[in-house]
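Trainee: Please take a close look at one enclosed part of this molecule with me. Start there, then follow its contacts outward.

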Amino acid sequence: MDEELVRRLKKFGMNEYEAKVYAALFGLRVASAREIHEFTQIPRGRVYETLNALMEKHFVLSAGGSPARYHVCDVSRTFDQIKKDTMASLNDLSEYLIELERDRPERLMQAFELRSPWAIDSQVHQMFRRVRSEMLIICDDEEFLKRYGSDLEKLDKRISLYVIVRTPELAEHLRIRCYLGGKDIEYGMFSPPIPDGRTLLRKIAIYADRQDSLSVVDENGSLEGVFLSNDFFSGYLYHCILNEIQPIR
């Protein structure tokens, strides 16, 4: 029996018997319950039980006859359908959770540190999904604009979006209107003063619906992020920043 196939099937979610019966049928091509029992040493009663479970999940078909013989379903069709069903279930669950999150009562401000590129990327995508009406992005990172350019173009069609870049050249990576800030934004947002001599550069700041914010900084070559939920000050900052920006022609 292909033990690697058994291992992968168990990792996929099958139990021990299901993985062994499926792997046995995959190798034998067609077999009776007795032959599967002899090949796998699984108790015969459990073989029937497992075959029924695999048929219910559309992994295995009975070819009929007496005794009945079994074979695996078309692999491509089976797993393509599983992918579709899984994605549909995940999307349904995600949308339900997002709605629950939106309907929660107001919470006190909470701060969460993001210490890996994966965590930062995940939070950016979640903010894009959750935003309802407006978003303000301050950016001094070319890779960010390239990575999320298509997402920003989609957002620009459904919400009020303001993307403020540090230089006009950065705006060339997007096909939407971008803005430049004044001296206060340059001093306060891109290069905030640090008293102990560390090198700290803000690469990205995102404000969503004037309540949530994400700030990503480069500290001595390492990216770190802070996400604030129910950020009390984001509305004030949002107002101040919008009064200072000018569109790039």
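Mentor: We start with one strand, follow its neighbours, and finish at a second sheet and its helices.

This is a predicted model, so keep that in mind throughout. Our strand is β5, which covers residues 134-139. How many residues of β5 are buried? The count is 6 of the 6, so the strand is largely enclosed by the rest of the structure. Now split it by face. E134, L136 and I138 lie on one side, and all are buried. M135, I137 and C139 lie on the other side, and these are buried too. Both faces are therefore covered, since buried means under 20% relative accessible area. Note that E134 is among these buried residues.

Next, find the partner. Strand β6, residues 160-165, runs parallel to β5. The two are joined by 6 bridges. Look at the end of β5: C139 stands opposite V165 in β6.

Step back to the loop that leads into β5. Helix α6 covers residues 117-130, and R132 sits in the loop between α6 and β5. Leave out residues up to four places away in sequence. R132 then touches R102, R158, I159 and D209. Its C-alpha lies 9.4 Å from that of S160, although the two are 28 residues apart in sequence. S160 belongs to β6.

Now go to I206, in strand β8, residues 200-208. Is I206 buried or exposed? I206 is buried, because its relative accessible area is 0%. Its contacts, beyond four places in sequence, fall into groups. M135, L136 and I137 are among them, and these three sit in β5. V124 and M127 also touch I206, and both numbers fall in α6. F144 is another contact. The rest are D212, S213 and L214, which lie in β9. M14 is another matter. M14 is 192 residues away from I206 in sequence, and 42 Å away in space, C-alpha to C-alpha.

After β8 the chain enters a loop. D209 lies there, between β8 and β9. This is the D209 that touches R132. D209 is buried, because its relative accessible area is 18%, under the 20% limit. Its phi is positive, about 55°, although D209 is not a glycine. Most residues other than glycine have a negative phi.

The loop leads to β9, residues 212-219. Strand β9 pairs with β10, residues 222-229, in the antiparallel sense over 7 bridges. Within this pairing, S215 has V226 of β10 as its bridge partner. The two strands form a hairpin with 2 residues between them. N220, in the turn, also has a positive phi of about 55°.

Now compare another sheet. Its order is β1-β3-β2, it is open, and the pairing is antiparallel. Strands β1 (31-32) and β2 (60-62) are at the edges with a single partner each, so one side of each has no neighbour in the sheet. Strands β1 and β3 (69-72) pair over 2 bridges, and S32 has R69 of β3 as its bridge partner. Helix α4 packs on this sheet and touches β2 and β3. Its direction makes about 110° with that of β2. Helix α2, residues 16-28, lies across β1, β2 and β3, and runs at about 95° to β3.

R29 is in the loop between α2 and β1. R29 counts as exposed, because its relative accessibility is 58%. It too has a positive phi, about 75°, without being a glycine.

Finally, return to α4, residues 44-56. Its axis comes within 9 Å of that of α3, residues 33-40, and the two cross at roughly 115°. The crossing is right-handed. From α3, A33, R34, I36 and H37 meet R44, V47, Y48 and L51 of α4. By class, this contact has 5 nonpolar, 1 polar and 2 charged residues.

Key
Residues are numbered from 1 along each chain as its sequence is written. This is a predicted model: local features need pLDDT of at least 70, side-chain atom pairs count only at pLDDT 80 or more; totals for chains, interfaces and linings use all residues. Side-chain values use heavy atoms; hydrogens and water are left out. Axes are lines fitted to C-alpha atoms, for helices over the stretch in contact, and angles run from 0 to 180 degrees between N-to-C directions. Helices (H or I, at least four residues) and strands (E, at least two) are DSSP runs, numbered from the N terminus. A crossing is left-handed if the near helix is turned anticlockwise from the far one by less than a right angle, and right-handed if clockwise. Contact means heavy atoms within 4.5 Å. Ala, Val, Leu, Ile, Met, Phe, Trp, Tyr, Cys and Pro count as nonpolar, Asp, Glu, Lys and Arg as charged, and the others, Gly among them, as polar. Two strands pair if DSSP finds at least two bridges between them. Buried means under 20% relative accessible area, exposed over 50%, partly exposed in between (1.4 Å probe, protein chains only).
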